[in-house]
Amino acid sequence: MAAKQSFDVTISIATYDRVALLKETIQSCLDQRNALGLRYEILITDNHPSGNAEAMVKEIAAASPIQVRYQQDHTRNMSALRNVGIKQALGDYVAFIDDD
């Protein structure tokens, strides 16, 4: 079994039916200057029943040198969704950002 990759920071984004805004948010995270050289990943938790952001997130992930992961969770509570992000985070620290 391969060792789990670890990061300094997981950027966790919970989303619901805001594909265009989510794309801008992810791109903004990827464009940030990383003067400290931190290893980070971006984790998307999509709350929309259709998973309408999945294709866009996977397209960005395929072209990105930074790990971008997608997961779906149908919990209708922002606090619970953030807890899902914490549980799935591979970073030592978790930073939350909203896409709206």
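Okay, which strands does H1 lie across, and at about what angle does H1 run to S2? Keep that one in mind while you look at the structure. This is a predicted model, by the way.

So, the answer. H1 lies across S1, S2 and S3, and its direction is at about 170 degrees to S2. Then there's a second helix to look at, H3, residues 78–88, which packs on the sheet and touches S1, S2, S3 and S4. The direction of H3 makes about 140 degrees with that of S2.

Now the sheet itself. We've got four strands in an open sheet, in the order S3-S2-S1-S4, and the pairing is parallel. The edges are S3 and S4, with S4 being 91–96; each of those has a single partner strand, so one side of each has no neighbour in the sheet. On average, neighbouring strands are turned by 25 degrees against each other, ignoring direction.

Let me walk across the pairs. S3 and S2 pair over six bridges, in the parallel sense, and if you want a landmark there, threonine 45 has glutamine 71 in S3 as its bridge partner. Next come S2 and S1, parallel again, with seven bridges. Then S1 and S4, parallel, with five. Isoleucine 11 is a nice residue to click on here: its bridge partner in S2 is isoleucine 42, and its bridge partner in S4 is alanine 95.

And how much of S1 is buried? Nine of its nine residues are, so S1 is largely enclosed by the rest of the structure. As for connectivity, S1, H1 and S2 form a β-α-β unit, and that unit is right-handed.

On to the core. The largest nonpolar core has 16 residues, and the ones touching the most other members are Leu22, Ile26, Ile42, Ile44 and Val57. Two or more residues each come from S1 (7–15), H1 (19–31), S2 (40–46), H2 (54–63) and S3 (67–72). H1 contributes the most, four residues. Take isoleucine 26 as an example: leaving out residues up to four places away in sequence, isoleucine 26 touches Ile13, Ile42, Ile44, Met56, Val57 and Ile60.

Back to H3 for a second. Which residues of H3 are buried? Those are Leu81, Val84 and Gly85. They span an arc of only 100 degrees around the axis, so they sit on the same side of H3. Flip to the other side of H3 and you find Ser79 and Lys87 exposed. The cover over the buried residues of H3 includes S1, S2 and S3.

Last stop, aspartate 99. Where is the place of aspartate 99? Aspartate 99 is in the segment after S4. And is aspartate 99 buried or exposed? With the cut-off for buried at under 20% relative accessible area, aspartate 99 comes out at 2%, so it counts as buried. What does aspartate 99 touch? Skipping residues up to four places away in sequence, the contacts are Ile13, Ala14, Thr15, Arg18, Leu21, Leu22 and Thr25. One of those, Leu22, we already met among the core residues that touch the most other members. For the distance in sequence, compare aspartate 99 with serine 12: they are 87 residues apart along the chain, and 10 Å apart in space, C-alpha to C-alpha.

That's the tour.

Definitions and conventions. Residues are numbered from 1 along each chain as its sequence is written. This is a predicted model: local features need pLDDT of at least 70, side-chain atom pairs count only at pLDDT 80 or more; totals for chains, interfaces and linings use all residues. Side-chain values use heavy atoms; hydrogens and water are left out. A nonpolar core is a set of buried Ala, Val, Leu, Ile, Met, Phe, Trp, Tyr and Cys residues joined through side-chain atoms within 4.5 Å. Buried means under 20% relative accessible area, exposed over 50%, partly exposed in between (1.4 Å probe, protein chains only). Contact means heavy atoms within 4.5 Å. Two strands pair if DSSP finds at least two bridges between them. Axes are lines fitted to C-alpha atoms, for helices over the stretch in contact, and angles run from 0 to 180 degrees between N-to-C directions. A crossover is right-handed if, with the strands pointing away from the viewer, the path from the first strand over the helix to the second runs clockwise. The arc is that of the directions from the helix axis to the C-beta atoms.
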